[in-house]
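Visitor: I should like to learn how the features of a protein model are read. May we go through one together?

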Amino acid sequence: MIKTKAVMSDAKGGFFIDEIILNPPQAHEVLVEIKASGLCRSDYNLMLLAENIGVLGHEGAGIVKAIGDGVSNVKCGDAVLLNWATPCKKCVDCKSNKEFLCEQIASKTGTEDLWTKPAHDGILHRNKPISRLLGLGTLARYALVREESVNKINIDIPYSSACIIGCAVMTGWGSVVNVAQVNNGCSAVVLGIGGVGINVLQGLKLSKAKTIIAVDINEQKLDLAKKFGATDVILNTNIDDTLRKIETILFGRKADYVFECTGNSSLVPLAFQSTQSGGKLIQVGVLTGESPIDMNWLHWGKSYVNSFYGGCCPDRDVLRILELYQKKQLRIDEQVTQMFPLNEFQSALNALLKGYDIRVVLNTCEN
Ligand SMILES: [Zn+2]
Ligand SMILES: [Zn+2]
């Protein structure tokens with residue numbers, strides 16, 4: 001039994017920090033000492049909607065402290081990072097290389113199920129069993145997770161960088177490599193340069209896209225975009241103006257691939273209208289707000305696809321990402337632009353909401 005502090009949803013749209021108790025892992029569970037946890041916009045959005053008390057956080061990296069019976073992929077002392085796909089590896093989707101769509105994944109089944117409890121009274125707050133966001137709950141010094149959520153880190157990488165692989169990097173890079181499967185020499189527009197957008201840019205550069213146009217409302221983000229692979233940048237102040245600028249850069253054409261990474265439904269018309277005939281619009285993640293979609297926008301062979309978790313199979317893609325990092329082809333350290341101790345969660349949240357950072361990371365060892 002371990003006592004630790006955790007950041008939890010308060011079931012009223014806010015959070016609080018209090019002590020939790022984690023029981024020893026049971027069969028197929030792993031207890032991880034979390035060293036760093038990334039803060040994702042989804043933590044905030046799901047905190048606002050939470051109707052339960054539960055440990056927040058779904059990007060984490062740390063050390064295996066204990067394993068339950070039957071765990072064979074890691075052992076005590078291993079450095080690991082966590083994924084929230086938690087693929088069962090037995091269902092039809094998992095067996096056809098779509099682990100991100102695993103039929104067991106809680107996040108496919110509704111908002112309330114995004115908060116999963118351990119199968120037993122694994123985590124207690126004031127003597128009551130509580131949930132973990134996306135089956136992880138990384139905003140604490142310790143997390144009790146399923147073995148399928150744990151991926152071994154086989155290279156030298158700081159925990160503060162490794163932790164963001166589990167959501168931001170897999171989602172962004174995977175959207176290019178697994179979902180869009182972009183062609184060498186193509187053109188692409190990336191709407192929204194945040195933690196995900198920056199990894200879309202890197203994926204495009206690695207895939208040898210010829211023209212990579214970054215669009216954001218924040219000039220500072222556009223400066224960063226250039227450092228992460230954008231060949232051109234546009235400060236979006238007006239949709240018509242942005243569309244004109246995209247066409248000017250592409251010599252009157254539109255983009256072969258458009259990655260919508262803001263989740264803001266008001267940008268859907270821009271996303272469709274900047275996609276070339278025969279091109280692909282990739283909606284990365286979840287759209288918020290109503291979006292009137294004119295189906296005529298899909299004419300001339302355009303396709304629209306939602307990228308869920310970057311189409312990633314964690315065992316396969318974590319290894320690929322770590323290898324790219326080791327070869328210095330994928331820059332991850334530079335994405336962590338601010339760190340806070342766990343007990344300064346409010347400051348971390350303020351930084352996230354200001355929107356100037358690529359990724360804010362919590363140092364879960366300091367609390
Ligand atoms: Zn996330
Ligand atoms: Zn499955």
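**Reading the model**

Guide: Let us begin with a pair of residues in this predicted model: Trp-115 stands opposite Leu-133 in strand 10.

Visitor: Which two strands does that pair join, and in which sense, parallel or antiparallel?

Guide: Strands of a sheet pair through backbone hydrogen bonds, either parallel or antiparallel. Here strand 7 and strand 10 pair in the antiparallel sense, over two bridges.

Visitor: In what order do the strands of the sheet lie?

Guide: Seven strands make up an open sheet, and their order is 7-10-4-1-2-8-9 with mixed pairing. Strand 7 and strand 9 (128-129) are the edge strands, each paired on one side only.

Visitor: What surrounds Leu-22 of strand 2 (residues 15-22)?

Guide: Leu-22 touches Ile-2, Thr-4, Leu-31, Gly-122, Ile-123, Tyr-142 and Leu-144, leaving aside residues up to four places away in sequence. Leu-22 counts as buried because 24 other C-beta atoms lie within 10 Å. As for Leu-144, 122 residues separate it from Leu-22 in sequence, yet the two are 7.0 Å apart in space, C-alpha to C-alpha.

Visitor: Which strands pair with strand 16 (255-260), and over how many bridges?

Guide: Strand 13 and strand 16 pair in the parallel sense over four bridges, and strand 16 and strand 17 do so over five. In the pairing with strand 13, Val-189 stands opposite Val-258 of strand 16. Tyr-257 has Lys-280, in strand 17, as its bridge partner. Strand 16, helix 8 (residues 268-273) and strand 17 also make a right-handed β-α-β unit.

Visitor: Why is strand 16 described as largely enclosed?

Guide: The description follows from a count: six of the six residues of strand 16 are buried, so the strand is largely enclosed by the rest of the structure.

Visitor: How should one read a helix, for example helix 5 (residues 197-206)?

Guide: An α-helix has 3.6 residues a turn, so residues three or four places apart point the same way. In helix 5, eight of the ten residues are buried, and the helix is mostly covered. Among the buried residues are Ile-198, Val-200, Leu-201 and Leu-204. The cover over the buried residues of helix 5 includes helix 4 (168-180), strand 13 (187-191), strand 14 (211-216), helix 6 (219-227), strand 16 and strand 17 (275-284).

Visitor: Where does the backbone take a positive phi?

Guide: Most residues other than glycine have a negative phi, and most peptide bonds are trans. Lys-208, just after helix 5, has a positive phi of about 65°. Asn-97 has one of about 60°, and the phi of Leu-134 is near 50°.

Visitor: Are Asn-97 and Leu-134 buried or exposed?

Guide: Asn-97 lies in the loop between helix 2 (92-95) and strand 7 (115-116), and it counts as exposed because it has 12 C-beta neighbours inside 10 Å. Leu-134 lies in the loop between strand 10 (131-133) and strand 11 (142-146), and it counts as buried because it has 32 such neighbours inside 10 Å.

Visitor: Which domains does the chain have, and how many residues are in contact between them?

Guide: The domain assignment gives domain 1 (2-157 + 332-363) and domain 2 (169-310). Their centres, taken over C-alpha atoms, are separated by 29 Å. Ten residues of domain 1 are in contact with nine residues of domain 2. By class, the side of domain 1 that touches domain 2 has seven nonpolar, two polar and one charged residues.

How values were computed: Residues are numbered from 1 along each chain as its sequence is written. Chains are lettered from A and ligands numbered from 1 in the order in which they are written. This is a predicted model: local features need pLDDT of at least 70, side-chain atom pairs count only at pLDDT 80 or more; totals for chains, interfaces and linings use all residues. A residue is buried if 20 or more other C-beta atoms lie within 10 Å of its own, exposed if 12 or fewer, and partly exposed in between; C-beta atoms are placed from the backbone. Two residues are in contact if their C-beta atoms, placed from the backbone, lie within 7 Å. Domain bounds come from an automatic or database domain assignment. Ala, Val, Leu, Ile, Met, Phe, Trp, Tyr, Cys and Pro count as nonpolar, Asp, Glu, Lys and Arg as charged, and the others, Gly among them, as polar. Two strands pair if DSSP finds at least two bridges between them. A crossover is right-handed if, with the strands pointing away from the viewer, the path from the first strand over the helix to the second runs clockwise.
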